[in-house]
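This briefing covers side-chain packing and charge pairing in one model. Please read it alongside the coordinates.

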Amino acid sequence: MKNATVFATANREYKDTVFRMIFREKKALLSLYNAGNHRELLENCQALKEYMLYVERVRRYAGQPGLTLDTAVERAVDECIRENILADFLRKNRAEAVYMSIFEYDEEKEMEMMRRDEYNTGVEDTMKKTAFRMLSADTYSLEEIAGISGLSVEAVRKLRAD
């Protein structure tokens, strides 16, 4: 993974492991539980505010061209410790926090790629079905079918041959 460039996107469908590690402590969890709205959460729960600042840094660095995800996470952790953001937590749990941040961002990327592939497969399938129905009508030219379906003329020819 060291030389791979990974671009991260946010996936809000799962609970982040680092988040759960931070809020494992009853005092932090109680302040989170007792806070009401979003602004109140950030004003009354320092751990959540600092966690959001950490995540923002990871995302910012992970989005920079040429930076590996490993480097982005390490840079975010170093910066947060220097700026006293989750500093005690990150010093104590650095290896686990770095590992989980990298793992979960990789998971996000993988899930995004799967969603994109499934979407593209669905679009391609719809294009082929449209072309096939038009071929069955036997009233359209290959060029018209290609233009309407979004397939290439060659792809329409292949569908007709099959």
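The points below treat the nonpolar cores, then salt bridges, then rings.

The model is predicted, so local features need pLDDT of at least 70, side-chain atom pairs count only at pLDDT 80 or more, and totals for chains, interfaces and linings use all residues. Residues are numbered from 1 along each chain as its sequence is written, and side-chain values use heavy atoms, leaving out hydrogens and water.

**Nonpolar cores**
- The largest nonpolar core (buried Ala, Val, Leu, Ile, Met, Phe, Trp, Tyr and Cys joined through side-chain atoms within 4.5 Å; buried is under 20% relative accessible area, exposed over 50%, partly exposed in between, with a 1.4 Å probe and protein chains only) has 25 residues.
- Helices α4 (46-62), α5 (69-82) and α6 (87-137) each supply at least two of its residues; helices are DSSP runs of H or I, at least four residues, numbered from the N terminus.
- The most comes from α4, with eight residues.
- A separate core of nine residues includes Leu135 and Leu151.

**Salt bridges**
- There are 10 salt bridges (side-chain nitrogen of Lys or Arg within 4 Å of a carboxyl oxygen of Asp or Glu).
- Arg94 and Asp78 pair at 2.6 Å, N to O; Arg94 is in α6 and Asp78 in α5, so the bridge ties together parts 16 residues apart in sequence.
- Glu56 and Arg60 pair at 3.1 Å, N to O, and lie four residues apart in α4, about one helical turn.
- Salt bridges with shared partners join Glu56, Arg57, Arg60, Glu79 and Glu83 into one network.

**Rings**
- Arg60 lies over the face of Tyr61, 5.1 Å from the ring centre (CZ of Arg or NZ of Lys within 6 Å of the centre and within 35 degrees of the ring normal).
- Arg75 also lies over the face of Tyr61, at 5.4 Å.
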